[in-house]
Each structure stands twice: as C-alpha cells, then as structure tokens.
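Biologist: Let's walk through this one together. Can you pull it up before I start asking?

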Amino acid sequence: MSSHDWTFLSNHTHVLVCIARDPSARMREIAGQVGITERAVQRIVADLVEGGYLVRHREGRRNTYAVRAGRPLRHPLEGGTDVRALLDVLSEPVGRATARRASGGRAQRPPAR
C-alpha cells in the first residue's frame, strides 16, 4: 500500500455510513461507493448484523437494513461513544461539527448578516 492509498475510516464504517444514508441500497451500489467488491460488502454486512449494529428486514426478494445507532463502538479507545455519535459527525459539515464541539456540544447559529 502506498502512502496515498490509506483512509482514516475502515470499510466497515464506510458500509455502515452508506446503509445509514440509504437503508435500501443494493450491495452493488454500496460496493461502488466504498470501492470494494460486492462480496466484501456482503461479508461486512454479515459482520455488522452479527455484531448487532444492523438489523436485516426482508421486503419481498430484497433486504433492507436498520442501523442500531445506540450500539457502542467496539474499540477501547472509543469507549463511551456510540454509532449515533459517529454517524452524526460524518453527516454534518466539518465547520459546523467543529463549532459545536468548541461550544461544548451546543449548535451555534451562523452570524447574522
């Protein structure tokens, strides 16, 4: 792996974010967004279901998934943080997230013009 190939988040996180954004996304769509094979997405989804982070719902011939946002993250360094907090950070613009953290967790309004 060259120094240009790494990312800060794992493929498990990328798949979880894709499903949170579109619970009915097809494995092929997720694979394309994440940049991995459909088979890798299937393995990751199976891991997330087995770990209790996703719940599978059968709708006809398709599966949809629900994210269990209250589940804690798995690594000891992430203790006390749940999936919801991770998804919140990844879904809001960087400037707003930084301002919210700087204000002690309160959302700041943009200055009036």
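**Salt bridges, pocket and patch**

Modeller: Here's a starting point: Arg84 has a relative accessible area of 43%, so Arg84 is partly exposed. Bear in mind that this is a predicted model.

Biologist: Which side chain meets Arg84 in a salt bridge?

Modeller: The N to O distance is 3.8 Å, and the cut-off for a salt bridge is 4 Å. The partner is partly exposed, at 21% relative accessibility. That partner is Asp82.

Biologist: And which helices hold Glu38 and Arg28?

Modeller: Their side chains meet in a salt bridge too, at 3.6 Å, N to O. Glu38 is partly exposed at 33%, while Arg28 is exposed at 61%. The pair ties together parts 10 residues apart in sequence, because Glu38 lies in α3 and Arg28 in α2.

Biologist: What gives the largest share of the lining of the largest pocket?

Modeller: That pocket holds about 380 Å³ of space. Its lining has 15 residues, with Ser10, His12, Thr13, Leu73 and Arg74 nearest the centre. Two or more lining residues come from each of α1, α3 and α4. The largest share, 3 residues, is from α1.

Biologist: Which elements do the buried residues of α1 pack against?

Modeller: The buried set in α1 is Thr13, Val15, Leu16, Val17, Cys18 and Ile19. They pack against α2, α3, β1, β2 and α4.

Biologist: Is Phe8 buried or exposed?

Modeller: Phe8 sits in the segment before α1, and joins Trp6 and Leu9 in a nonpolar surface patch of about 380 Å². Its relative accessibility is 76%, and over 50% counts as exposed. So Phe8 is exposed.

Definitions and conventions. Residues are numbered from 1 along each chain as its sequence is written. This is a predicted model: local features need pLDDT of at least 70, side-chain atom pairs count only at pLDDT 80 or more; totals for chains, interfaces and linings use all residues. Side-chain values use heavy atoms; hydrogens and water are left out. Patches are made of residues with over 30% relative accessible area and no salt bridge: like charges are joined within 9 Å, nonpolar side chains (Val, Leu, Ile, Met, Phe, Trp, Tyr) within 5 Å. Accessible areas come from the Shrake-Rupley method with a 1.4 Å probe; for residues, only the protein chains shown count as cover. Helices (H or I, at least four residues) and strands (E, at least two) are DSSP runs, numbered from the N terminus. Buried means under 20% relative accessible area, exposed over 50%, partly exposed in between (1.4 Å probe, protein chains only). Contact means heavy atoms within 4.5 Å. On a 1 Å grid over the protein atoms alone, a cavity is a set of points where a 1.4 Å probe fits but cannot get out, and a pocket is an open set with protein on both sides within 12 Å along at least five of seven lines; lining residues have an atom within 4 Å of a point. Grid points are joined across faces, edges and corners, and a volume is the space filled by probe spheres set on the points.
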